[in-house]
Amino acid sequence: MIVRLMGEGQYRIDDELLNQLNELDVQAQAAMDAEDEPALDDKLDQMWQLVRDRGEQLSDDELSASDLIIPPSDLTLEETRKLFSDEGLIPDLPVR
Amino acid sequence: MAGLFERMSLVIRSKLNRLLDRAEDPSETLDYSYEEQLKLLQNVKRGVADVVTSKKRLQLQADKLEQSLVKLDTQARDALAGGREDLARQALERKTLAQQQLQDLDVQVQQLEAQQEKLTSSERQLNAKIEAFRSQKEVIKAQYSAAEAQVRIGEAATGIGEQMADTGLAIQRAKDKTEQMQARAGAVEELIEAGTLEDFTAGDQTQLDRELAQISAEKQVDAELDRLKAEVGAGAGQKELDR
């Protein structure tokens with residue numbers, strides 16, 4: 001499995017790690033729904049740390065698509081909301 | 001409700017589809033996508049330059065505040081030496097305010113520094129992926145039939161499209177952050193211009209300057225008086241000796 005840490009790069013991870021990440025993902029979503037920013041930050045940080053520690057970083061020139069994409073760990077609640085809304089935090093491609 | 005991963009992927013895929021929908025012909029898709037990648041690379045370079053400019057502006061402000069700290073401190077000492085504790089207090093109050101602003105500025109400069117690092121690393125990754133895409137695109141064009149090419153294009157384009165969305169997000173966040181900083185920098189400049197921070201040190205004659213000038217004028221007069229008194233006294237003594 002390939003996972004992308006938004007703003008940092010891609011890593012190859014094993015299934016065991018994937019399970020752990022999925023658990024954290026559920027908790028992160030709950031934190032976001034509860035508008036609990038410290039909890040959301042904490043969950044995202046944990047995901048990032050796990051991937052960095054145990055994943056194998058892909059080289060910059062690899063063109064593989066990711067199976068999993070993890071948002072930036074320093075995203076504010078406001079930015080997170082914007083990221084997932086129709087308004088969108090990511091500019092449309094193509095960028096002019 | 002889907003988890004963050006799934007939602008994140010959906011966001012990226014929807015951006016990507018818009019890019020891929022543009023052209024039907026595989027080789028056109030490749031060339032078009034490549035052009036867009038190059039544009040994005042220019043954008044991220046501009047983003048880095050904007051962050052650097054913003055950072056410099058904040059650093060200049062910090063320098064200015066540092067100078068005003070020194071001035072206000074000197075003025076407070078002078079005022080105290082002149083027996084004007086009230087003026088010394090005012091100068092120190094301004095100094096405290098300037099110090100707080102300076103601390104804020106330092107934090108902001110650090111934040112911009114972090115944005116600059118992120119953008120630079122994003123630029124590096126995008127650059128490497130564009131280069132990889134460029135060589136793959138030539139291979140695909142030269143070696144594969146239209147049907148095969150479609151599959152391979154899909155893979156390569158998805159990989160690079162993800163990076164493009166990632167870089168786009170980094171640019172957008174840096175832009176937001178830079179705009180916030182510009183607004184704050186503008187506010188501090190207004191404070192300085194309105195004299196809230198530098199009333200005592202800015203421009204020509206401020207109230208403190210005038211009062212300090214007066215104190216020092218008085219001191220000078222006293223000193224002159226003492227000198228004259230001494231001379232006159234000495235002169236009188238001399239006369240007595242002459243007698």
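How many helices and strands does chain A have? Before you start selecting, keep in mind that this is a predicted model. Colour chain A by secondary structure and you can count three helices and four strands. Walking from the N terminus, you meet them in the order β-β-α-α-β-β-α.

**Stop 1: the whole chain**

Zoom out and show the C-alpha atoms of chain A. They fill a box of roughly 35 × 30 × 15 Å along the principal axes. The radius of gyration is 14 Å, which agrees with the value near 12 Å that a compact globule of 96 residues would have. Of the contacts in chain A with a separation of 6 or more, 67% are between residues 24 or more positions apart.

Now switch on the surface. Chain A exposes about 4,500 Å², and carbon and sulfur atoms supply 43% of that area. Buried residues make up 50% of the 96 residues. Colouring by charge brings up 8 positive and 25 negative side chains, with the centres of the two sets 4 Å apart.

**Stop 2: the sheet**

Select the four strands of chain A. They form an open sheet in the order β3-β2-β1-β4, with mixed pairing. At the edges are β3 (56–57) and β4 (68–70), each of which pairs on one side only. As background, strands of a sheet pair through backbone hydrogen bonds, either parallel or antiparallel.

**Stop 3: the first hairpin**

Next, select residues 2–5 and 9–12 of chain A. These are β1 and β2, an antiparallel pair joined over four bridges. Two facing pairs are worth labelling here: Val3(A) stands opposite Tyr11(A), and Leu5(A) stands opposite Gly9(A). Three residues lie between the strands of this hairpin, and Gly7(A) takes a positive phi near 90° there.

**Stop 4: across to β3**

From β2(A), move over to β3(A). These strands also pair in the antiparallel sense, over two bridges. Pick Arg12(A) and look for its bridge partner in β3(A), which is Glu56(A).

**Stop 5: a lysine in a helix**

Finally, select helix α2 of chain A, residues 37–54, and find Lys43(A) within it. Is Lys43(A) buried or exposed? Its relative accessibility is 17%, so Lys43(A) counts as buried, the cut-off being under 20%. To see what surrounds Lys43(A), show Leu24(A), Gln27(A) and Ala28(A): it touches these three, leaving aside residues up to four places away in sequence.

Methods:
Residues are numbered from 1 along each chain as its sequence is written. Chains are lettered from A and ligands numbered from 1 in the order in which they are written. This is a predicted model: local features need pLDDT of at least 70, side-chain atom pairs count only at pLDDT 80 or more; totals for chains, interfaces and linings use all residues. Side-chain values use heavy atoms; hydrogens and water are left out. The radius of gyration is taken over C-alpha atoms; the globule rule is 2.2 Å times the number of residues to the power 0.38. Buried means under 20% relative accessible area, exposed over 50%, partly exposed in between (1.4 Å probe, protein chains only). Contact means heavy atoms within 4.5 Å. Accessible areas come from the Shrake-Rupley method with a 1.4 Å probe; for residues, only the protein chains shown count as cover. Lys and Arg count as positive and Asp and Glu as negative; His and the chain ends are not counted. The place of a charge is taken as NZ of Lys, CZ of Arg, CG of Asp or CD of Glu. Two strands pair if DSSP finds at least two bridges between them.
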